[in-house]
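Student: I should like to go through the terms applied to this structure and see what justifies each of them.

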Amino acid sequence: MKKIFLLTSFILIVASACNRDFDQPNPNNPTIASFWKSEGDAVKGINAVYSTFHRSAALYSRFLFYHGMLRSDEGYGSGGDITLNNVMSFNQTNYNEGLTAGTWQNLFIGVFRANQVLAYVPAIEMDEALKNRILGEAKFLRGLFYFNLVLYYGRPPIILSPSAPTDRPSNATNAEAWAQVERDLTEAAPALPLRYTGDDLGRATRGAAMGLLGKAYLQQNKYQEAVNALAWFITGEGKGLYTLVANYQDNFMASTENNSESVFEIQFRFNPNENTDDDVDETRINNTGTSIAQFYAPRGVGFSDGGARRWLVGEFEKENTALGTRDPRLAATLLFDSTDVRGPQFTMVYGQTFASRYGTSGGESSAVWFRKQLNDNEAGRTEEGFRSPNNHRLLRYADILLMYAEALNGTGQTAQAYTYVDMVRVRAGLRPLNRAAGWNQAQFLGQIKHERITELTGEGWRFADLQRWGELGPQLAVRDPEFTNFVKGRNEWYPIPQSDIDLNPNLTQNPGY
């Protein structure tokens, strides 16, 4: 049912590093004037915007997991990729490095594709309801691209029409960039349906727009605005539309995708015949899977380039379930010597025990890996690969509930916030919070911070959480030694690619670089 993969090379001619006149039209490609004519063209156009998610390693196929997880205190560069390890430990010296420059460039490719849809689809004679939906999808997707740009780069230029080679946009301020995210998502929501079926499953819904809007407000500590947006799920039109699934691990398996807890997920599909990640090359077969499993999987199965910090295990073990057992989310979240509570002799790692693979002392016996992106729960699987079909659940209802509780607490409505944390806890088998404790705002926020670790570790939101709470800094070195190198006022954002600054005199570098 994952069919949003109809790729179209006409959408974007990406400038490559060769000696040619970039203003000279390619006679082999359709022109803008000759293309945007029919309803089918509009559908192909919006499909190409979705395709940006996995058109290279730079976005949701791999790098955005690095940015959100390895750059935070929950993970680190654990393999032989020295460039990755340096960037994730705040030792970046090359501002054109693909890990950061590639993400910047591909996010702007997504912006450009969305801008084309928004510029040319309105003039097409077609079904008006479908037209409005496509325009809403484009605004949602542009809002998501800009969400990542402002989160990781702070001061991106705002580009709202198809780019031309002569454009020289200036940096937006951080506030201006967030305002654009808010505007796109606010305008997208009413144009989007509540749900899809069949081949359209996985497209942006109204709930996806409202959820990301609430997250954008919360990220800026705009608590009342976040409450207003997220209330859509609690008391508004979206009430009852989403539910927590009974089995927590169903949120991370390819066999249980697009379930009732999913607010928006990045769609992936296994394509055994793929031979390129370049979705504008129609002479080859595009990879519609994700490669993150190959890079996160334990050594001997994958590359083990991204590891999890062991302090996370202790966070899960702070509290047992109401039945006195271990929090079941630990085993679903992390692969380590005691993913099976009985220990390394019983913990299975792709068909072998942990003990037989890594021993019980020294070496990698204490290693911890993120599990949510892996496919080790599939019977008989002994290795990963570059074409994982496992969707990435970008927004889950559990996250919505925790964000709503945090926003309520931020507005002084702490007493009303307990209910939504308890929903997440009870699903995991934990007891409800003790309301008689009478926590103040700071104490309740401290509990929220714990709950977001046990519920959302390994889903790419940890760096955003730390940034929002103002907790990024060298003090985190006590549990992640890489933060020894963190410089406040500098490393909250990545550097803007120097190549872009060299080409555009109106762009300025981020502070400290």
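Tutor: We shall take the strands, the core, the backbone angles and a pocket in turn.
The model is predicted, so local features need pLDDT of at least 70 and side-chain atom pairs count only at pLDDT 80 or more, while totals for chains, interfaces and linings use all residues. Residues are numbered from 1 along each chain as its sequence is written, and side-chain values use heavy atoms, with hydrogens and water left out.

Student: Why is strand β2 called largely enclosed?
Tutor: A strand is a DSSP run of E with at least two residues, and a helix is a run of H or I with at least four, both numbered from the N terminus. Buried means under 20% relative accessible area, exposed over 50% and partly exposed in between, with a 1.4 Å probe and protein chains only. Five of the five residues of β2 (residues 262-266) are buried, so β2 is largely enclosed by the rest of the structure. The conclusion for β8 rests on its own count: five of its five residues are buried, so it too is largely enclosed.

Student: What makes β2 and β8 a pair?
Tutor: Two strands pair if DSSP finds at least two bridges between them. Four bridges join β2 to β8 (residues 392-396), and the two run antiparallel. Within this pairing, S262 has R396 as its bridge partner, and E265 stands opposite R393.

Student: How do you know that F264 is buried or exposed?
Tutor: F264 lies in β2. Its relative accessibility is 3%, and therefore F264 counts as buried. Contact means heavy atoms within 4.5 Å; leaving out residues up to four places away in sequence, F264 touches twelve named residues' worth of surroundings, including Y50, F53, F140, H392 and L395. Between the C-alpha atoms of F264 and Y242 there are 11 Å in space, against 22 residues in sequence.

Student: What makes the largest nonpolar core a core?
Tutor: A nonpolar core is a set of buried Ala, Val, Leu, Ile, Met, Phe, Trp, Tyr and Cys residues joined through side-chain atoms within 4.5 Å. The largest such set has 138 residues, and Y66, F140, F233, F264 and L334 have the most contacts inside it. Helix α6 (residues 128-153) gives the most to this core, with 15 residues. In soluble globular proteins, nonpolar side chains tend to be buried together.

Student: Which residues are in contact with L334, leaving aside its neighbours within four places in sequence?
Tutor: Among them are A308, F316, T339, W369 and T457. T339 is found in the loop between β4 (334-335) and β5 (348-349). T339 has 9% relative accessibility and so counts as buried. Residues up to four places away not being counted, T339 touches R326, A331, L334, T347 and R371.

Student: Why are F90 and S304 singled out for phi?
Tutor: Most residues other than glycine have a negative phi. F90 is not a glycine, yet has a positive phi of about 65°; S304 is likewise not a glycine, and its phi is near 55°. F90 lies in the loop between α4 (82-88) and α5 (98-120), and S304 in the loop between α10 (292-296) and β3 (306-308). F90, at 5% relative accessibility, counts as buried, as does S304 at 1%.

Student: What makes the second largest pocket a pocket, and how is its lining classed?
Tutor: On a 1 Å grid over the protein atoms alone, a cavity is a set of points where a 1.4 Å probe fits but cannot get out, whereas a pocket is an open set with protein on both sides within 12 Å along at least five of seven lines; lining residues have an atom within 4 Å of a point. The second largest pocket is lined by 18 residues, with R195, L201, T205, Y242 and S262 nearest its centre. Ala, Val, Leu, Ile, Met, Phe, Trp, Tyr, Cys and Pro count as nonpolar, Asp, Glu, Lys and Arg as charged, and the others, Gly among them, as polar. The lining accordingly has seven nonpolar, eight polar and three charged residues.
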